[in-house]
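Work through these exercises with the structure open beside you. Try each task before you read its solution.

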There are 2 protein chains.
Amino acid sequence: MSDLKFRGYAIKDEKNWTQFELLDFEPMAWRDDLIDIEVQYCGVCSSDVHTITGGWGKPELPLVSGHEVGGIARKVGSAVKSIKVGDRVVVGAQIDSCGKCRACSTQNEQYCPEQVDTYNAKSHDGKVTQGGYSTAIRAPEQFVFSVPDALPLEDAAPMACGGLTVYSPMKRGGVTKGTKLGVAGLGGLGHLAVLLGVAMGAEVTVFTHQEDKVADAKKMGATDVVLTTEKDWAKPYFQKLDFIVCTIDVSSALPLTDLTSCLWINGTLHIVAMPDDELAPFQTQSLAANGAKLGVSHIGAKVEAEEMYRLAAEKGVRVWKEVVPMKDVAKAVQGVKNNEVRYRYVLKQDIN
Amino acid sequence: MSDLKFRGYAIKDEKNWTQFELLDFEPMAWRDDLIDIEVQYCGVCSSDVHTITGGWGKPELPLVSGHEVGGIARKVGSAVKSIKVGDRVVVGAQIDSCGKCRACSTQNEQYCPEQVDTYNAKSHDGKVTQGGYSTAIRAPEQFVFSVPDALPLEDAAPMACGGLTVYSPMKRGGVTKGTKLGVAGLGGLGHLAVLLGVAMGAEVTVFTHQEDKVADAKKMGATDVVLTTEKDWAKPYFQKLDFIVCTIDVSSALPLTDLTSCLWINGTLHIVAMPDDELAPFQTQSLAANGAKLGVSHIGAKVEAEEMYRLAAEKGVRVWKEVVPMKDVAKAVQGVKNNEVRYRYVLKQDIN
């Protein structure tokens, strides 16, 4: 058994969100369903930036963010069945739930009313949760996912939140072989939606306003790329797509009714980004010409994460990433904020 | 064969939308798939009021509205197979479509890009369509629905638009025996959603801001009625309902996130009203706590109308209505505008 130190890069003020300092912290109190993980990699998610900049409201301070955590199980509670010391594992954006309610009993634990975020939340023992820009993370078995041997940990880590957030709604939305899938926005989530959509057998059309991403989208496997800076870009796609995953992270930049016009009848525009700003007012009947739906979701369930990892291993999915030492976290969060990332920063452990 | 006169109550100016005058009009040019119907009843739909008041934009003038038309087939084209002279029939809010596209080929003719509204639209021969506040209506077989013997025509007429508009999304949304169904707003559409939802076997919860409608909702078959003027009205219903039909006709009065909080995970708040005003801005993540969806739809398909009429006949569904002579149309549209109707005006033929 190991006694890991819990020490991570924290911000102390959301106005100085690029000022990281090392902080020692206490994990949640030990229980026999818990696992202590030595962190090797942590992806940098837009959620981290929304949180540390105060875009989603004032954060708990000091705060270690990071919820795409990959590492090695070093201490395993006596009630844990599926994971043993030495296993390669990941933790995503959720760290706990009640385990008893209707949501928890139906593989919808991400919607448990008592769900706990991996960082910036009150854990059930009252402590503020701290994330994976750190040496170690403690998590219940339910929120630790095993990584298949064929998948590198630095790819598995960013999929723990970014991958699952797009995989869960695509799976629940019926995306399968031959589905005409749209992906709006080609950032971290968008590129994972393309890679996983292709792995699921869908024909993928990407909508982007950035000409410099067109070639990338095709290399990721998209069959079609639409530049939304061109006039009347939506017209040729009228009623053509079955399902659209929308990853556009600024609501004011979301061409809602143009995108929904591209859906086949009763299709869904599924929004997975969580912008700081509100959706602009619209007339509900503007969606009526094809009976479109708007969907929203929140990460995914463990069964879906496991399914996604098996698929990613089998199909050789590799995240488009830049691996940087964890001490360069400030550069990484700025790169996300400035939309310079291509397409995920992954922090590599460097804390002694 | 009969030669019906086409003569109806028209408005000539949307600023004087209660000034109706009798107008002779020309129906669409004859084709062998058409049926001429002698109008006996016409329901008064909120759409009529949105249109004649200019709420949805400037109407074609002069205009005869009305798209809940019940009557007797008096002339039947040679290509018509399912309807014969003397049959009791209805026409709803759609009068034509292309008949060839993917939508028309998949029982989604209401979403045909060339669909033609029953009034205030250009028919395929170029004429402006005129509705059922009139002596007669001419319609293709595809848009004429047969009425079962057990169902009075004055009940069937208002169901042609109002009933179908709620039945289609409930059917497509999986409403069946035991479904926990919410109905928000108890006007014309809302009361039909309750009556048809109960007929489909659902347990219905009604949300209304009008205390004087509570007893009515229970008489219609609702098991539960929630007064949305009470503090924290949504809390006891957190994640309780499978599907909500929202018939609230003023977007600014729509408590969007309170209603979606009442949905079970991935449930749909389905909006069937088409308010003049826009939905207020909201953060998409406000729907994320239960992964709620927003749905919108437009009337229904003929197969769904026929199914609805069979169900209504079998279960003895009767519309809560006030039958008034057609000459009192001004009083009826004012009653709808002022929310005085309980719960549908049905105009009875009185034009010589």
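**Exercise 1. How many salt bridges does the count come to over all chains?**

Solution. Begin with the ground rules. This is a predicted model, in which local features need pLDDT of at least 70 and side-chain atom pairs count only at pLDDT 80 or more, while totals for chains, interfaces and linings use all residues; side-chain values use heavy atoms, with hydrogens and water left out. Residues are numbered from 1 along each chain as its sequence is written, and chains are lettered from A, ligands numbered from 1, in the order in which they are written.

Next, the criterion. A salt bridge is a side-chain nitrogen of Lys or Arg within 4 Å of a carboxyl oxygen of Asp or Glu. By this rule the count is 40 over all chains.

Now take one example. The side chains of A:R172 and A:E304 form a salt bridge, at 2.7 Å from N to O. A:R172 sits in helix α3 (residues 153–172) of chain A and A:E304 in helix α7 (residues 302–315) of chain A, so the pair ties together parts 132 residues apart in sequence. Helices here are DSSP runs (H or I, at least four residues), strands likewise (E, at least two), and both are numbered from the N terminus.

**Exercise 2. Find the operation that lays chain B on chain A.**

Solution. Superpose by least squares on the C-alpha atoms of residues with pLDDT of at least 70 in both copies. The fit needs a turn of 180° and a shift of 0.0 Å along the axis, and the RMSD is 0.0 Å. The two copies are therefore related as by a two-fold rotation axis. The same surface serves both: 100% of the contact residues of chain B recur in chain A. Contact means heavy atoms within 4.5 Å.

**Exercise 3. Describe the interface between chain B and chain A.**

Solution. Start with the residues. On chain B, 39 residues are in contact with 39 residues of chain A.

Then take the area. About 3200 Å² is buried between the chains, and carbon and sulfur atoms give 60% of it. Buried area is the accessible area (1.4 Å probe) that two parts lose on being put together, summed over both. In chain B, the residues that lose the most area to chain A are B:Y111, B:T284 and B:V296, together 18% of what that side buries.

Which elements give two or more residues to the side of chain B that touches chain A? They are α2 (102–105), β14 (263–271) and β15 (293–296) of chain B. The largest share, five residues, comes from β14(B).

Last, the charges. Zero salt bridges are counted between chain B and chain A.

**Exercise 4. Locate the unusual backbone spots.**

Solution. Take chain A, then chain B.

- A cis peptide bond joins A:L61 and A:P62, with omega about -10°. A:P62 is in the loop between α1 (46–52) and β4 (69–76) of chain A.
- The peptide bond from B:R342 to B:Y343 is also cis, with omega near 0°. B:Y343 lies in the loop between α8 (329–337) and β17 (344–348) of chain B.
- B:N120 is not a glycine, yet has a positive phi of about 65°. B:N120 belongs to the loop between β7 (116–117) and β8 (136–140) of chain B.
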